[in-house]
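Biologist: Let us go through this one together. I will ask for the reasons behind the labels.

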Amino acid sequence: MATSAAKLLPKEEFILPGTRSCAACGLMLTYRHALKALDPGKTIVAVPASCMTVLHGVYPITPVKVICINNPFGATGAAASGIAAGLKALGNDDYTVLAFAGDGGTYDIGIQALSGAFERGANFLYICYDNEGYMNTGTQRSSASPAGAITSTTPVLAKLQHKKNMIGIVEAHRIPYIATASPAFPLDLYDKVKTAKDTYGPRYMEVHAPCPPGWGFPNKDLIKMGKLAVDSGIHVLFEIKDGVFKLTSRSLSLAEKGKKKTISEYIKGQTRFKKISQDQINSLQEFVDQRWNEFLERHHRNSF
């Protein structure tokens, strides 16, 4: 997949000043570049109760220049399916339906509606912005929270379980396009949204969205934290198009000639890991290395 040059990105901004999101919000940066890759005049967004509803503001005032429909927490997949079906019935084939939900509304509460929509082959793009917890309601644990992290519902002992393999669950539905991205690598993110826009059927993207207040790092380190996540392999950049897996962007560079950073380097700047034990660090490193090696094997298998 070719990477766009920064100078070719649209200059128009579709998120105006005055959002209610937190400073240095990984979600807002993700949304900014995603909208640039779409045609906001021909895009309808479905969002559940989440940080996205905070960003969009309170009706009738919004800083975002796109049609947005709020839906119940667990119904994003169903809402996007209904919008897509309505547009098809009206013959409006030039619209993009974009579902935009957090990990809580994707991995946990919304997984039933999402699975049903993918099984039916509904024509929409679903982007999960993964900030690894229920950040809008108090930093509670989600099944996307990494092992060793403290949340408001795991305050004494850090989370014991590793992150759910949501990509594996989605891939089992045999949909035409799946990708991961990061706001720390905006050109890669932009290109993947463009590819998803031009693909028919269910599409899924998972974007790792660092959250300064939820993870406990300074606002100025947003991009640094996003890059560390990729460089350590805890978040890997890839796409799966028609079943073919390929590493992309920085993850591709690491596979070809780089050396991953350690998990210790990634977690040391985040207060959510202040109670992690050495045994948990070792376990998390082993988990990340095993998954990285699996991705490497898939990438090399499809490179020949």
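Modeller: This is a predicted model, and the labels below are argued from values computed on it.

Biologist: Why is C25 called buried?

Modeller: Its relative accessibility is 16%. Buried means under 20%, so C25 counts as buried.

Biologist: Where is C25 found?

Modeller: C25 lies in the segment before α1 (26-37). C25 and N219 are 194 residues apart in sequence, yet their C-alpha atoms are 8.3 Å apart in space.

Biologist: What makes helix α9 largely enclosed by the rest of the structure?

Modeller: The helix covers residues 222-232, and eight of its eleven residues are buried, so the label follows. Among them are L222, M225, L228 and V230.

Biologist: What covers the buried residues of α9?

Modeller: The cover includes α1, β6 (203-208), α8 (212-215), α10 (249-257), α11 (263-267) and α12 (278-301). Just after α9, G233 has a positive phi of about 85°.

Biologist: Now the sheet. What is the order of the eight strands?

Modeller: The order is β2-β1-β3-β4-β6-β5-β7-β8, in an open sheet with mixed pairing.

Biologist: Why are β2 (67-70) and β8 (244-247) called edge strands?

Modeller: Each pairs on one side only. The twist averages 15° from one strand to the next.

Biologist: How do you know that β5 pairs with β7?

Modeller: Three bridges join β5 (residues 177-181) to β7 (residues 238-241). A pair needs at least two bridges, so these strands pair, and they run antiparallel. The bridge partner of Y177 is K241.

Biologist: Which strands does helix α7 touch?

Modeller: Helix α7 (residues 186-197) packs on the sheet, touching β3, β4, β5, β6 and β7. Its direction makes about 165° with that of β5.

Technical notes:
Residues are numbered from 1 along each chain as its sequence is written. This is a predicted model: local features need pLDDT of at least 70, side-chain atom pairs count only at pLDDT 80 or more; totals for chains, interfaces and linings use all residues. Side-chain values use heavy atoms; hydrogens and water are left out. Helices (H or I, at least four residues) and strands (E, at least two) are DSSP runs, numbered from the N terminus. Buried means under 20% relative accessible area, exposed over 50%, partly exposed in between (1.4 Å probe, protein chains only). Contact means heavy atoms within 4.5 Å. Axes are lines fitted to C-alpha atoms, for helices over the stretch in contact, and angles run from 0 to 180 degrees between N-to-C directions.
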